[in-house]
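Student: Take a close look at the second largest cavity for me, please. I'd like one connected account that also takes in what sits around it.

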Amino acid sequence: MTEKKNYGFTTTILHNDRQKGIEHGSLHKPIHTSVAFGYADARQLASVFQGKEPGFRYGRQGNPTVSALEDKVNKMEQGVATLCFATGMGAIGAVFQGLLRAGDHVVSSSFLFGNTNSLWQTVAGQGASVDFVDATDVANVAAAIKPDTRIVFVETIANPRTQVADLKRIGQLCQERGILYIVDNTMTTPYLFLPKSVGAGLVVNALTKSIGGHGNALGGSLTDTGAYDWTRFPNIYENYKKAAPAQWGITQIRAKGLRDFGASLGPEAAHHIAVGAETLALRMERTCANALALAELLESDERVAAVYYPGLKSHPQHAISSELFRRHGSLLSFELKDGIDCFDFLNRLKLAVPASNLGDTRTLIIPVAHTIFFEMGAERRASMGIAESLIRVSVGIEDTADLLDDFACALEGC
Ligand SMILES: *Cc1c(COP(=O)(O)O)cnc(C)c1O
């Protein structure tokens, strides 16, 4: 099969492994479990180590099955290079380990995945400083930038309150200031949105979520989109400046963030994620349609105090979401009116499962303040717009009528 450049999103993923030829005519890249890779000529081993020719050395730095997944994610994000990690947090941690030094400054959206928020607190304790801003307005980001700001970090649709960052204008600002712009694309996935289109230099995906899609494997990725000029980044070590500047960032992250900290993705998980990714577009179409239908049902119910979903006209960033994203995502959250016990409500649901993952094929539901945002305390929750009664729903691919019926029934009290 000869490579053609203009296949659609799903066709590209389905046939990507075969483009490079696979032994025995396998249609999937096999699960290679070998830790070490041997060479008949010892000189070749040396030149692979020195980066003079491509090849695998040791499983922590690279593996053929993982590399096949990296290639797919890279095509999805239309990137220059992609690295995979054991988890989404492994990928975000590698940014901090690989790129920041003491004295550096980071501007981060305050509407963040809970563990990313906790990680930035760690960074702050280790000598870099972090300012959290309301990233739905670029003016707040601009006001926080200092001479030593190295990174601006945002999520596309924030989990769990679904605020949409001012993605395009923040991209323009970072471009003007020469600051690395990092976008966590987990909530939108490359099927709904390409952060490269708004100037993001690095893209994070928690592959655990919608890309893998079945809640059976953890993984994360970082994609260099090619949009950032690494010659403007002061923290690249001389050692990693040997290749063209487009390679500097990913080379340093591979060495400092992946190799030295070791959050490497295992080949079995890479295989599960790659198989899941084949149906990403189909699943996203279904979950996004289900999420919109459920958001509309909840919004029209008098027992519901508030619904947060970018697909609703009442959502403050509905216009930006409509402009930038193919659909509005599969995550929504809502608050029940005072007097309705949220645990009793959750216990009445028969299909939606109380569980903390998201982007699964099944609908998962969680009371946010009591679980995933419990550790940060009431004050920080309030500053992030997290009401104590907030319930997050990660909408699955169930038949729409069954899903709506489950929620309608639980609201009725049946
Ligand atoms: C889940 C998630 C992560 C972390 O991914 P893990 O694979 O669970 O480590 C990062 N960012 C967002 C937006 C997420 O939802």
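Tutor: First the term: on a 1 Å grid over the protein atoms alone, a cavity is a set of points where a 1.4 Å probe fits but cannot get out, and its lining residues have an atom within 4 Å of a point. Keep in mind that this is a predicted model, with local features needing pLDDT of at least 70 and side-chain atom pairs pLDDT 80 or more, while totals for chains, interfaces and linings use all residues. Numbering runs from 1 along each chain as its sequence is written, and side-chain values use heavy atoms, leaving out hydrogens and water.

Your cavity holds about 70 Å³ of space, a volume being what is filled by probe spheres set on the points, joined across faces, edges and corners. Its lining is made up of Gly-59, Arg-60, Gln-61, Gly-62, Asn-63, Val-66, Glu-70, Cys-84, Arg-254, Leu-258, Ser-264 and Leu-265. Two elements, α3 and α9 (245-259), give two or more residues each to this lining; helices are DSSP runs of H or I with at least four residues, strands runs of E with at least two, numbered from the N terminus. Sorted by class, the lining has four nonpolar, five polar and three charged residues (Asp, Glu, Lys and Arg are charged; Ala, Val, Leu, Ile, Met, Phe, Trp, Tyr, Cys and Pro nonpolar; the others, Gly among them, polar).

Now follow Cys-84, one of those lining residues, into strand β1. Both faces of β1 are covered, with Ala-81, Leu-83 and Phe-85 buried on one side and Thr-82 and Cys-84 buried on the other (buried is under 20% relative accessible area, exposed over 50%, partly exposed in between, 1.4 Å probe, protein chains only). In a regular strand, side chains alternate between the two faces of the sheet. Five of the five residues of β1 (81-85) are buried, so the strand is largely enclosed by the rest of the structure. Its partner is β7 (residues 220-224), which runs antiparallel to β1 and is joined to it by five bridges (strands pair if DSSP finds at least two). Thr-82 is bridged to Thr-223 of β7.

Next, α9. Besides helping to line your cavity, α9 is where you'll find Thr-251. Thr-251 counts as partly exposed because its relative accessibility is 31%. Far along the chain, 140 residues away, is Phe-111, whose C-alpha atom is 30 Å from that of Thr-251.

The largest pocket (an open set with protein on both sides within 12 Å along at least five of seven lines) has about 1400 Å³ of space. It is lined by 39 residues, and Pro-54, Gly-55, Arg-57, Gln-61 and Arg-254 are the closest to its centre. Gln-61 and Arg-254 also appear in your cavity's lining. At least two pocket-lining residues come from each of α1, α2 (42-49), α3, β1 and α9. The pocket lining splits into 14 nonpolar, 14 polar and eleven charged residues.

For context, the structure holds five cavities of 30 Å³ or more. The largest contains about 100 Å³; of its 15 lining residues, Asp-17, His-28, Lys-29, Lys-72 and Ala-274 are the closest to the centre. Helices α1 (9-19), α3 (64-76) and α10 (267-277) each supply at least two residues to that lining, which comprises eight nonpolar, three polar and four charged residues. Note α3 there: it helps to line your cavity as well.
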